[in-house]
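User: I am new to this structure and would like a close look at one small part of it, followed by an account of the chain to which that part belongs. Please take it step by step and explain the terms as you go.

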Amino acid sequence: MSRRAFTPWDALVVAALLGLNLIAWAPGRPGRPTGYRITSQAGSRTVPPGSGRIEVPGPLGTTVIEVGKRSAWIVEGPCPLRLCVRTGALARPGRVAVCLPNRVALEALGPEGEVDAVGR
Amino acid sequence: MRWDAEPTARAAHMGFLIALAGALQVLELLLPTPVPWARLGLANAPVLAALTLWGPGPGLWVGAGKVIVGALFTGRFLTPGFLLSAGGTLTAVAVMAVAVRVPVLGLVGVSALGAEAHLLTQLALAAALLRTPAVWALVPLAGTLALASGVVTGWVAAGIVRVAQEDLGYPPATGGNRATSSPSART
Amino acid sequence: MTRLARWAVPLAAVALVMAYASGRRPGAEPFTETRFLMDTLVTVTVWGTPEPDARAAEERAFAALAAVDQEMARVEGTPLWELNRAGGGRVSEALASVLADALAWARRTGGAFDPTVAPLLDLWDIPRGPHPPPSPLAVDAALSQVGWDRVRLDPGRRTVDLGRTRVDLGGIAKGWAIDRAAEALRAAGASDFIVNAGGDLYVAGRRGDRPWRVGIQHPRNQNRFLRVVAPMEGALVTSGDYERFYEWEGRRFHHILDPRTGRPARGCQSVTVWAPTAVDADALSTAVFVLGPEEGLRLLEAQPGVEGLVVAADGTVRETPGFARVAPEVRW
C-alpha cells in the first residue's frame, strides 16, 4: 500500500490548526469601535457609528464632531491650539480626541482595543 | 522503463526533486496572489516527497536546495527575505520529519503541520528582525492561507510519491526508516 | 472499524476546538467613566467589579480628584490661589504634603523640577495659542521671581513662606490626585483599575485574563504608539512637548519650561516615567524632560525604584535598563 494522501486524522490536524489560527484572531484582534462617547460640560452620551455630524456646545463655542461608520473625528473647534483637530480620526477602541479649552472629548468605545489606556 | 532504487538512481531523483523545488519556488513568484506576500508554497511538495521516500537527511537536502536555488535565481541570496525562507523551511522539515513517522497521518496532515511551522517561524524571525511584535497580528490570516497551501502541497507531494513508488519502483515507505545516511556519502 | 467510527474521534475533536475558539470571543467590557477635571480629561476604568460597585468606586475616585482640583488649581478662589496672593500662610494637610513633595523633588533634581515657575507659565501663556514668544528681557524678569529654595515650609505647623515666589503645582498635583483616586478605588473594593488623568496613569491589577495594555504615545505621530506595554502595578506618567504647544515662525513652543533658562526645554520630545506612586512619576517626568536625555537618564538611574523612557529631540529612544522590566512590551 502506498502512503495515503488523506486520512481522518489529517482532517483533525487541519481543523486543529485552523482553530489555533482563529483563536489567535478572536481575542487579540482590535476591532472597530462599537460606539463613541462624547463628553462635555453637560455630561456624557454615547452615539453609534454612522451618527453623522454632531455639534457640541462648550464654554468657548461649538465643537463639531463627525461620527462616520468606521471612525470619528473632531472637524472644527473654537480652541486656540487646535490639538483636537490635529488628532485626526479615531478608528480603534481606546483612542481619544480632546478639546480641553472647550471641554469636549470624543472617545472610541469597544470590547477590545489595541490598548486600554494611552500614556501621553 | 523501470528504475531500481540504486544509490545512483536515487541521487539522480533527488537532484531532480531539488531542481523541481527550486524551479517551483521561482515560478510561484509569477503567480498572482490575493495578498502580496502570500505564496502557494508548492515548492514544499518535493521536500515532503523526499522526506517520505528517503527520510530526514534527503528531505533536508531538498529543502536546502529549494531555498538556495530559489534565492540564487531571484537574487535574494543572504538577504533578510532569504533568512526568513531558510528559517521557515528548516523548521518545516524538522516538523514534517517527525510527523511523517506518525502512521495514522496522511501527507496532507503532515504538510499542513509543516506549513504552519514554516509560517510561525517566519513570523517569529520577522518579529525579531523588525523588532516589533505587530507582525503577530498576521497569524489569523496568514496562518489560514498557509494551512490552505499546506493542504494543496500535501496532495501534490502524495502525487510525486505515488509516481516514485509505482513507476520508479521505490518501496512503499511509511517513515524515514530506510534512509540513514546522507546521499552525498553514496555518490 | 466502520467508516463512521474512524471519523468519530477526529470530528469530536474538531467540534471541541471550534467550541473553545468561539468561547474565547470577547464578551465583557470594563466599566469606564469620563469627566473633565484638573484641566484635563480624566477616565477611570474598572474591571471585574459588578457595575453598581464599580460606579460607586469610580464616584469616590472622581470625588478625590475633584477635591485636589478645588484646592490646588491656580484658579481664583482656591486655597493655592489665596496662598500665592498672600505670599504665605497656613495650609491644609493635603497642600502641605504636596508642597513638601514638590520641594523635595526640586532639591533632588537640582531645580530641574521647580514648583515656583508660575510667573514663567503666565508669561509664556502657551494655552492662549499662537503668539510671538516673550522678549529675553521679559523672560529674565520672570526668572528673577523663580526659585524653589526661597520657599520655607514648616511641615509640623503647616506654615509656608513663599519668599516672594508664586507656586504652580501643575507638575505634581495631578500625580498626587491620581494617587488619592487610586487609594479611593482600593478602599471601595476595586483591585483592577486604571486612573487616567490626561494620559498620566495609575495602573492596578489586570483586565481579566490578560494584563492591562498601555500604549505610549508616539511624540510625532498621533496615530502611532511608541510601544505598547503591560506596566507593573504603579504609575506611568508621560511629559511631552506635543501635549500643549503652538508653532510660531517654524518653532515649537510648548508648556514644559526649563526653570533655569525660562524657556521651553529643548532636549526631549517626550519622557515616560514609571514609579510606584504617580506623584513621584509626575515630578520626575517633568524634571527628566527639562534635564534632557543624558542627564535625565542619569537622574532616573540614581533614584531607587523608578524607571523611564526618553525620546530625545532628534527622535532617538533611550531607556533605563529596568524599564522593560516594569513596563514589558506586549504583543496584541
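Analyst: A good place to begin is R90(C), whose bridge partner in β5(C) is T159(C). This is a predicted model, in which local features need pLDDT (the predictor's confidence in each residue, from 0 to 100) of at least 70 and side-chain atom pairs count only at pLDDT 80 or more, while totals for chains, interfaces and linings use all residues. Residues are numbered from 1 along each chain as its sequence is written, and chains are lettered from A and ligands numbered from 1 in the order in which they are written.

The strand β5 of chain C, residues 159-161, pairs with β3(C) in the antiparallel sense over three bridges; strands pair here if DSSP finds at least two bridges between them. These two belong to an open sheet of three strands in chain C, with the order β3-β5-β4 and antiparallel pairing. The edges of that sheet are β3 (88-90) and β4 (152-154) of chain C, each of which pairs on one side only. From one strand to the next the twist averages 5°, with axes taken as lines fitted to C-alpha atoms (for helices, over the stretch in contact) and angles running from 0 to 180 degrees between N-to-C directions.

Around this sheet, chain C has 10 helices and 17 strands, which are DSSP runs numbered from the N terminus (helices H or I, at least four residues; strands E, at least two). Of the 332 residues in chain C, 47% are buried, that is, with 20 or more other C-beta atoms, placed from the backbone, within 10 Å of their own (exposed: 12 or fewer; partly exposed: in between). Among contacts in chain C between residues at least 6 apart in sequence, 62% join residues at least 24 apart, a contact being two residues whose C-beta atoms, placed from the backbone, lie within 7 Å.

Chain C also meets chain A, in a contact that takes 38 residues from chain A and 43 residues from chain C. On the chain A side, α1(A) gives the most, with nine residues, and that side is made up of 22 nonpolar, eight polar and eight charged residues, where Ala, Val, Leu, Ile, Met, Phe, Trp, Tyr, Cys and Pro count as nonpolar, Asp, Glu, Lys and Arg as charged, and the others, Gly among them, as polar. Strand pairing also links these chains: β8(A) and β10(C), residues 214-217, pair in the parallel sense over three bridges, and there A117(A) has V214(C) as its bridge partner.
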